[in-house]
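Colleague: Could you walk me through reading the features of this model? I would like the general idea, then the case at hand.

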Amino acid sequence: MTISDSAGALKTADLKLAMAASGTVFSAFTVAHMAGNLQVYLGRDRFDGYARFLRTMGVPVLPESTVLWVFRSGLLACAVTHVSCASLLTVRAWRAGDRPAGGVRRSRPRGRRRRVWEIAKRSMRSTGVVLGLFTAHHIADLTLGVRPAATEHAKGAAYDNLVRSLQRPQVAGLYLAAMLALAAHTSQGIVQVGNDTGLSGDRRVREALSIAGRVIGTGVALGNASIPLAVQTRLVR
Amino acid sequence: MKITRTVSVEVWRQTDAEAHGRFVTYDVQGVSPETTVLELLDLLNEQLPDGDSPVTFDDGCREGSCGKCGVTVDGVPHGPEYNRASCQQHVRAFRDGDRVRLEPLRASAFPVLSDLTVDKKKALRTVVKASRGPAGLKALTNAGCISCGACVAACPNGSAQLFVGSLLTELPPLMKDDDERRDRTAQVIETADETFGPCSTYGDCTEVCPAGLPLENLSAVAREHLRNQRQTK
Ligand code: SF4
Ligand code: FES
């Protein structure tokens, strides 16, 4: 029984490294993005000023939004890499997993893995899909401002757009669900990075990464999640 | 006097590698909490109705050291007790004292030969062979791995990373020079890629491994792979 596929020339270890690299970029991005988001608590002027800063990075040496687009392209490349490698690896995992003859399903292990983190760590594909869909909505809503993702959208009014968007309970709910997925995905993702780069060969490094994953994952998720909650409770308006 | 009871055993019956299998339930009498999984199968075979062929299963030292045995007990390779081979798993640990489900180790790399017997040696051996020579076997011995294959069966991805990683953890010191290390570790990783799935660090393998091998061993695969790339450039 061999599980190699048409992309068999791509070694599993290399696909994993590509996922680790792009995943690390995403983790760093979520931290930076949250730091930006939290400026919403400093008021409309600060937040809009921050949005302007993102667009005018590199000006006047470079035209407006150049640096921003460099970042965006990098993130897009990471997204394409992450999703395509994940798809290839998923196919390999399913082929090698088990498919007993006769249509009998593998019995579920009884009495194992009931803790929350245990469930989170085997939900990378579903949490990944949630994050992908959420990001698509998020960009359509707050970056592009297109319907139906966005309702009223004024160009350049980042603060008002954000607040108006999160005043919609469905959007706030989606945001909170996405943050749960983010916490789960990041916590296991960082463990996986350690394993796929060989760093986790040292027990202390492995344990440190496992804690770091949970701290970063839940930290970013909580920081971000506070915003829809603050908008819904009218602390931010 | 020993207190015994009757346990209803749902067991996988499959006449040969090509046949479609199914679960058949038998009542087995005279079972005590200390009865092991393999002893339970012995009792079952003694009590089979006339005309039924005995349930085949992999058997060996019954001391937890040869790695030959291995069945899936209630969905868990080897059985519910952590880090013990099937021959060291006791009825007292069953989730439900009256009922148990026994099936072969499940993985694409381990075809079922009949009933509970699987061919796990072949797939595991291709990896050891890729390390060429007795060094691979020596490395496994040094790691403490008994080549039982439970890690592969426990993994939802059918990955053998614990087995391969343990081999790669112990292989480098046995190599005579760096060229040999590079060459053989690369062969091992490539062979494993062809037969087994990718590792998602779920850690189910370390729960079942009778040798109690640690999660750290998983990383040896990436470490050697990266090392090889650095040096071939
Ligand atoms: S690593 Fe552990 S579970 Fe896997 S084959 Fe070796 S002894 Fe068995
Ligand atoms: S029979 Fe030898 S390890 Fe179980």
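Colleague: Which element gives the largest share of the lining of the largest cavity?

Modeller: Happy to help, and keep in mind that this is a predicted model. To read a lining, go from residues to the elements that carry them. Here H1(A) comes out on top, with 4 residues.

Colleague: Which other helices supply at least two residues each?

Modeller: Both chains take part: besides helix H1 (12-37), chain A brings helix H7 (169-196), while chain B brings helix H5 (161-170), helix H6 (178-195) and helix H8 (220-232).

Colleague: How much space lies in that cavity, and which residues are closest to its centre?

Modeller: The space is about 230 Å³. Of its 20 lining residues, Thr12(A), Ala13(A), Gln161(B), Asp193(B) and Val221(B) are the closest to the centre. The model has 6 cavities of 30 Å³ or more.

Colleague: How does the lining divide by class?

Modeller: Count each class in turn: 11 residues are nonpolar, 6 polar and 3 charged.

Colleague: And what classes make up the shell around ligand 1?

Modeller: The same kind of tally applies. That shell has 9 nonpolar residues, 2 polar and no charged ones. Chain B provides the residues around the ligand, among them Cys145(B), Cys148(B), Cys151(B) and Cys209(B), as well as Phe163(B) and Leu213(B).

Colleague: Where does the UniProt record place the annotation "transmembrane region" in chain A?

Modeller: The unreviewed entry gives residues 172-191 and 211-231. Next, set such a record against the model. Residues 172-191 of chain A are 100% helix, with end C-alpha atoms 29 Å apart. Residues 211-231 of chain A are also 100% helix, and their end C-alpha atoms lie 31 Å apart.

Note on methods
Residues are numbered from 1 along each chain as its sequence is written. Chains are lettered from A and ligands numbered from 1 in the order in which they are written. This is a predicted model: local features need pLDDT of at least 70, side-chain atom pairs count only at pLDDT 80 or more; totals for chains, interfaces and linings use all residues. Side-chain values use heavy atoms; hydrogens and water are left out. UniProt positions are given in the numbering used here, feature names are shortened, and annotations may be inferred rather than shown by experiment. On a 1 Å grid over the protein atoms alone, a cavity is a set of points where a 1.4 Å probe fits but cannot get out, and a pocket is an open set with protein on both sides within 12 Å along at least five of seven lines; lining residues have an atom within 4 Å of a point. Grid points are joined across faces, edges and corners, and a volume is the space filled by probe spheres set on the points. Ala, Val, Leu, Ile, Met, Phe, Trp, Tyr, Cys and Pro count as nonpolar, Asp, Glu, Lys and Arg as charged, and the others, Gly among them, as polar. A residue is near a molecule or strand if one of its heavy atoms lies within 4 Å of it.
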